[in-house]
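Open the model in a viewer and keep a selection prompt ready. The stops below follow one another, each with something to select and a note on what is there.

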Amino acid sequence: NKFNFINAYRDYTNIPAPKFTELSAQQLIQYVSKLLKEELSRNNITLELNLPEAEIFLWADEEQIQLILINLIKNARESLNDTMDGLIKIKLIVTEQWNYISVEDNGPGIVPEALERIFIPFFTTKKDGSGIGLALSRQIMQLHKGQLNVDSKLGDYTRFIMQFPKK
């Protein structure tokens, strides 16, 4: 659909500069989880959060990061359509230099050829996808001096990792 393409292209090229604030990674994850919990349970998907006790703060644009997280969870949900006992795990991982949020599903995985291309704008493996979500998400993470990476094993899992620099 040409119109969708134009809208998607406009969204992709007009990302507003992030409005940085200090935000709690735990609160962000819990908020997004609450938003999507019903939709996930309707699809018989379990959402599992793995968050450390100590509050982790991200220097980030709250709306933009929520957008990425929602997008990653929705992608995971769609990939679980044919999976019995669908499971999405969201993990918050802290290292000396980085904070990571990983979103992992136990779906069919992504074929290696597609894996190399999923962040390219307008590349999509879905029949009604715009191919914009992941490209946009990666671009937003780069504006946050971070990264968005993926790791997948066919027939096993797909894991997207948002990487945030520590302040």
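Start by selecting Asp11, which lies in helix 1. Helices here are DSSP runs of H or I with at least four residues, strands are runs of E with at least two, and both are numbered from the N terminus. Asp11 has a relative accessible area of 42% and is therefore partly exposed; buried means under 20%, exposed over 50%, and partly exposed in between, with a 1.4 Å probe and protein chains only. Draw a C-alpha to C-alpha distance from Asp11 to Ala54: the two are 43 residues apart in sequence and 36 Å apart in space.

Before going further, note that this is a predicted model, in which local features need pLDDT of at least 70 and side-chain atom pairs count only at pLDDT 80 or more, while totals for chains, interfaces and linings use all residues. Residues are numbered from 1 along each chain as its sequence is written, and side-chain values use heavy atoms, with hydrogens and water left out.

**Helix 2 against helix 3**

Select residues 25-42, helix 2, and residues 62-79, helix 3. Their axes are 10 Å apart and the packing angle is about 35°; axes are lines fitted to C-alpha atoms, for helices over the stretch in contact, and angles run from 0 to 180 degrees between N-to-C directions. This crossing is right-handed, a label for the near helix being turned clockwise from the far one by less than a right angle, with anticlockwise giving left-handed.

To see the contact (heavy atoms within 4.5 Å), show the side chains of Leu28, Ile29, Tyr31, Val32, Leu35, Leu36, Glu39 and Leu40 on helix 2. On helix 3, the partners are Glu62, Ile65, Gln66, Leu69, Ile70, Ile73, Lys74 and Arg77. Colouring this contact by class gives eleven nonpolar residues, one polar and four charged. The classes put Ala, Val, Leu, Ile, Met, Phe, Trp, Tyr, Cys and Pro under nonpolar, Asp, Glu, Lys and Arg under charged, and the others, Gly among them, under polar.

Now narrow the selection to Glu39 in helix 2. Is Glu39 buried or exposed? Its relative accessibility is 17%, so Glu39 counts as buried. Setting aside neighbours within four places in sequence, Glu39 is in contact with Lys74 and Arg77.

**Helix 3 against helix 5**

Keep helix 3 and add helix 5: their axes come within 10 Å and cross at roughly 145°. The crossing of helix 3 and helix 5 is left-handed. Gln64, Ile65, Leu67, Ile68, Asn71, Leu72 and Asn75 of helix 3 meet Gly133, Leu134, Ser137, Ile140 and Met141 of helix 5. By class, this contact of helix 3 with helix 5 has seven nonpolar, five polar and no charged residues.

Within helix 5, select the buried residues Leu134, Ala135, Leu136, Ser137, Ile140 and Met141. Centre on Ile140, which counts as buried at 3% relative accessibility. Beyond its neighbours within four places in sequence, Ile140 is in contact with Ile15, Gln64, Ile65, Leu67 and Ile68. Just after helix 5, Lys145 takes a positive phi of about 55°.

**The aromatic pairs**

How many aromatic pairs does the structure hold? There are two. Rings of Phe, Tyr and Trp (its six-membered ring) pair if their centres lie within 6.5 Å; planes under 30 degrees apart count as stacked, over 60 as edge-to-face and the rest as tilted.

Select Phe20 and Trp59, a stacked pair at 6.1 Å centre to centre with 15° between the planes. Phe20 lies in the loop between helix 1 and strand 1 and Trp59 in strand 3, so the pair ties together parts that are 39 residues apart in sequence. Phe20 is partly exposed at 31%, and Trp59 is partly exposed at 38%.

Then select Phe119 and Phe160, whose ring centres are 6.3 Å apart and whose planes lie at 80°, so the pair is edge-to-face. Because Phe119 is in the loop between helix 4 and helix 5 and Phe160 in strand 7, this pair ties together parts 41 residues apart in sequence. Both Phe119 and Phe160 are buried.

Finish by adding Arg138, whose charged end sits over the ring of Phe119, 3.8 Å from its centre; the criterion is NZ of Lys or CZ of Arg within 6 Å of the ring centre and within 35 degrees of the ring normal.
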